[in-house]
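User: Please take one part of this structure and go through it closely, then connect it to the other local features worth noting. Plain prose is fine.

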Amino acid sequence: MNDLLDPLLLARWQFGLTTVYHFLFVPITIGLATSAAVFQTAWVRTGKVEYLRITRFFGTIFLINFAMGVVTGIVQEFQFGMNWSEYSRFVGDVFGAPLALEGLLAFFLEATFIGLWIFGWNRLPQKVHLATIWATAIGTILSAYFIIAANAFMQNPVAYRMNAERGRAELTDIWELLTNPVALAAFPHTITASFMVSSGLIISAAAWHLARNQHLDTMRPALKFGLWGMVVWGALTTIFGDQLSLAMVATQPMKMAAAEATYDTVCGADASFSLFTLGTPDGSSELFSVRVPYLLSLLSTHSLDGCVEGINQLQAEYTELYGPGDYTPIIWVTYWAFRWMIGLGMLHVLVAVVGLWLTRGGRLPKQPWIWKAAVWSFPLSLGAMIVGWVFTEMGRQPWIVFKLLPTESAVSPNVTGLEVLISLVAFTLVYGALAVVEFRLIVRAVQKGPPEIEPDPESGEVEHVETVY
């Protein structure tokens with residue numbers, strides 16, 4: 001019973017639950033903000049009312065996600081002080097800088113211009129109004145960068161000095177913090193993956209209407225946009241993911257070793273990529289695996305004769321550096337999260353490639369199962385991003401700040417397990433209710449379809465656009 005009421009365990013579950021839930025909305029918001037900006041730009045440049053209808057359709061879904069993301073994001077910051085006060089005390093001087101920039105600069109940009117975009121229809125000049133959605137999209141991307149920069153400090157601490165008297169890290173160079181190599185590698189990988197998620201949503205929404213042979217004038221171009229977006233952004237996500245893996249090998253070799261279940265240092269042909277591995281219950285050695293020779297060496301070092309450090313060797317090294325303890329993450333979680341991330345993302349790209357082939361020349365498939373597959377494919381890339389985040393955070397364990405602060409030392413000392421359990425149950429119930437509301441709002445918005453907007457019969461231009469979404 002005492003283990004079940006362990007404050008550390010419950011605090012980790014609570015933070016994981018609330019973060020995963022919040023993360024459901026982040027990539028959709030980032031991707032749809034830019035997508036809405038692209039569609040509105042197409043309308044302004046061409047005057048085609050179809051693009052305006054697409055803008056309003058996906059703009060509505062974007063606003064729903066934005067609102068839910070704001071609400072769930074606030075909870076994240078409160079947890080730092082409630083359950084993780086020791087962590088906040090230790091990194092507050094460093095962590096606070098990018099979070100302040102995110103709130104005062106990026107979020108302020110988003111919040112201001114999203115309001116102008118919502119209420120600026122028919123009130124602002126057309127090109128000025130277009131600029132407001134682009135400013136909102138830029139704000140969402142800037143917001144993501146500052147959050148990634150803060151998280152990068154946890155993965156690869158830079159730009160700090162230790163204050164022994166206060167027992168905390170203190171910021172020495174804000175520019176060095178914002179240009180952390182891990183942040184520079186993680187940012188494009190995260191943004192392009194977010195665009196994959198939004199492309200997947202566009203594909204699914206368009207497929208739902210095309211399966212019913214409705215709104216063809218708007219859903220055909222939307223589907224094409226989503227399919228090509230998935231392929232292009234999927235390719236870029238892979239390229240940037242490769243660069244992130246190099247940064248990970250350089251800064252967190254244990255994470256890469258755990259991702260591949262590589263127990264002993266290997267080089268060349270022996271540095272193979274594991275398709276499937278079974279290990280011993282204590283996680284110290286391999287029992288069985290299916291591997292591709294040289295591939296791990298190529299991914300980790302960009303050479304065929306490179307070496308990848310093993311879990312056992314790194315454990316011995318860390319024990320010597322940091323004292324007795326278990327410095328390995330949970331191997332099976334890290335190993336399978338890495339593979340699910342790759343597999344789900346590649347599967348969604350495959351769906352898009354097949355979709356492009358089936359819709360070539362403007363044709364629409366007649367088989368209902370094809371459209372059902374397109375509609376239900378949406379969770380693939382979103383799931384890939386979620387397990388990618390799980391891999392990033394679980395692979396860093398047992399550290400909350402790599403090499404500086406163990407996770408067990410970061411939890412609030414005066415919070416009891418029962419208190420955390422109560423808040424965990426409360427958050428679970430509230431977030432469950434919000435999930436139902438969110439799902440229904442999104443489904444209703446998708447099924448409602450794009451608004452009916454009629455251009456002036458003489459000029460062919462749209463003279464009035466309804467403000468209410």
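Analyst: Gln79 sits in helix 3, which covers residues 49-82; the model is a predicted one. With a relative accessibility of 0%, Gln79 is classed as buried. Once neighbours within four places in sequence are set aside, the contacts of Gln79 are Gln14, Phe15, Thr18 and Trp84. Gln14, one of these, is 65 residues away from Gln79 along the chain, yet the two C-alpha atoms are 9.0 Å apart.

The hairpin can be taken next. Strand 1 (residues 160-163) pairs with strand 2 (residues 168-171) in the antiparallel sense, over 4 bridges. The two strands form a hairpin with 4 residues between them. In that turn, Gly167 has a positive phi of about 65 degrees. Ahead of the hairpin, Ala159 lies in the loop between helix 5 (126-155) and strand 1. Ala159 is not a glycine, but its phi is also positive, at about 60 degrees. The relative accessible area of Ala159 is 4%, so this residue counts as buried.

Within the hairpin, Arg161 is placed opposite Glu170 of strand 2. The side chains of these two residues also meet in a salt bridge, with an N to O distance of 3.8 Å. The cut-off for a salt bridge is 4 Å between the side-chain nitrogen and the carboxyl oxygen, so the 3.8 Å contact between Arg161 and Glu170 is counted. Glu170 has a second partner: its side chain meets that of Arg168 in a salt bridge at 3.2 Å, N to O. Through shared partners, the salt bridges join Arg161, Arg168 and Glu170 into one network.

How is each member of this network classed, buried or partly exposed? Glu170 has 9% relative accessibility and is therefore buried. Arg168 is buried as well. Arg161, with a relative accessible area of 48%, is partly exposed. The limit for exposed is over 50%, which is why Arg161 at 48% is put in the class in between.

Over the whole structure, a search finds 6 salt bridges. Another of them is between Glu260 and Arg339, where the closest N and O atoms are 2.8 Å apart. This pair links distant parts of the chain, 79 residues apart: Glu260 is in the loop between helix 9 (253-259) and strand 3 (266-267), and Arg339 is in helix 12. Both Glu260 and Arg339 are buried. In general terms, oppositely charged side chains can pair when their charged atoms come close.

Helix 12, which spans residues 331-358, also holds Val353. Val353 belongs to a nonpolar surface patch of about 320 Å², made together with Leu347, Leu350 and Val354. The relative accessibility of Val353 is 41%, so Val353 counts as partly exposed. Helix 12 thus carries a buried salt-bridge partner, Arg339, as well as Val353 of the patch.

Two backbone details remain. Asn213, in the loop between helix 7 (181-210) and helix 8 (216-251), is a residue other than glycine with a positive phi, near 60 degrees. Asn213 counts as exposed because its relative accessibility is 55%. The other detail is a cis peptide bond between Gln397 and Pro398, with omega at about 15 degrees. Pro398 is in the loop between helix 14 (379-394) and strand 7 (399-401).

Terms used. Residues numbered from 1 in each chain as written. Predicted model: local features only at pLDDT ≥ 70, side-chain atom pairs only at ≥ 80, totals over all residues. Heavy atoms only, no water. Patch = residues over 30% accessible without salt bridge, like charges linked within 9 Å, V, L, I, M, F, W, Y side chains within 5 Å. Areas by Shrake-Rupley, 256 points an atom, 1.4 Å probe, with all protein chains shown as cover. Buried < 20%, exposed > 50% of the residue type's maximum accessible area, 1.4 Å probe, protein only. Contact = heavy atoms within 4.5 Å. Pairing = 2+ DSSP bridges.
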